[in-house]
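Dear colleague,

Please find below the structure I agreed to pass on, followed by a summary of what was found in it. I would be grateful if you could read the two side by side.

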Amino acid sequence: MSTDQNPRPSVTARVKLTLHTGERFFGPGICELLERIRNTGSIQAAAAEMEMSYTKAWRILNRAEKEMGFDLITRVSGGRNGGSSKLTEAGEKAVADYRRMEARLTEFAESLLKACEPSFMPRESRAAQDRPM
């Protein structure tokens with residue numbers, strides 16, 4: 001039973017948006033990878049920040065680009081000065097659109113939760129609400 005000193009955390013709705021074409025190709029992981037590539041200018045640095053192998057980062061980028069039919073990043077091969085990567089205009093738009101869809105989906109999920117909230121409240125909170133004043 002909860003006390004005033006240790007109130008139960010409020011219930012929130014969390015959803016995960018993943019885009020498919022029969023195979024998953026775009027979701028929170030690749031979106032974060034793209035944002036980190038934007039910030040670091042490097043696939044390798046972005047993958048390292050996410051504790052992901054460089055090979056896996058390449059694999060998910062290539063799958064997304066194949067399924068979407070356009071490049072998400074431009075790659076400059078290494079050499080004496082090292083390589084770099086940056087998001088293409090289409091990549092920037094994909095990230096922005098995904099984050100916008102994700103935000104709207106979260107808002108919708110929260111509104112659904114509010115409509116059903118009594119079902120997900122702790123028993124003692126429901127009982128207090130049901131008591132006449």
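**Fold and overall composition**

The chain has five helices and four strands. Starting at the N terminus, these elements follow the order β-β-α-α-α-β-β-α-α. Please bear in mind that this is a predicted model.

Of the 133 residues of the chain, 25% count as buried. The accessible surface amounts to about 9600 Å², and carbon and sulfur atoms hold 51% of that area. As for the range of the contacts, among those with a separation of 6 or more, 50% join residues 24 or more positions apart.

**The largest nonpolar core**

The largest nonpolar core comprises 22 residues, and the members that touch the most others are Phe26, Ile30, Leu34, Ile37, Leu61, Leu72 and Ile73. At least two residues of this core come from each of strand E2 (24-26), helix H1 (28-40), helix H2 (43-49), helix H3 (54-68) and helix H4 (89-120). H1 makes the largest contribution, with five residues.

Phe26 merits a separate word. Beyond its neighbours within four places in sequence, Phe26 is in contact with Leu17, Thr18, Leu19, Cys31, Leu34, Met68, Leu72, Ala94 and Tyr98.

**Cysteines**

Is Cys31, one of the contacts of Phe26, buried or exposed? Cys31 counts as buried, because its relative accessibility is 0% and the cut-off for buried is under 20%. Cys116, in turn, has a relative accessible area of 38% and is therefore partly exposed, since that class lies between the 20% limit for buried and the 50% limit for exposed.

A disulfide is a covalent bond between the sulfur atoms of two cysteines. How many disulfides does the chain contain? With a pair of cysteine sulfur atoms required to lie within 2.5 Å, the count comes to zero.

**The largest pocket**

The largest pocket holds about 310 Å³ of space. Its lining consists of 14 residues, of which Arg24, Gly29, Ile30, Ile60 and Arg63 are the closest to the centre. E2, H1 and H3 each provide at least two residues of this lining, and the largest share, four residues, belongs to H3. Ile30 thus appears in two places in this account: among the core members that touch the most others, and among the lining residues closest to the pocket centre. Likewise, E2, H1 and H3 each supply at least two residues to the core and at least two to the lining of the pocket.

With kind regards

Key:
Residues numbered from 1 in each chain as written. Predicted model: local features only at pLDDT ≥ 70, side-chain atom pairs only at ≥ 80, totals over all residues. Heavy atoms only, no water. Core = buried A, V, L, I, M, F, W, Y, C linked by side-chain atoms within 4.5 Å. Buried < 20%, exposed > 50% of the residue type's maximum accessible area, 1.4 Å probe, protein only. Contact = heavy atoms within 4.5 Å. Areas by Shrake-Rupley, 256 points an atom, 1.4 Å probe, with all protein chains shown as cover. 1 Å grid on protein atoms, 1.4 Å probe; cavity = no way out; pocket = protein on both sides within 12 Å on 5 of 7 lines; lining within 4 Å. Points joined across faces, edges and corners; volume = space filled by probe spheres on them.
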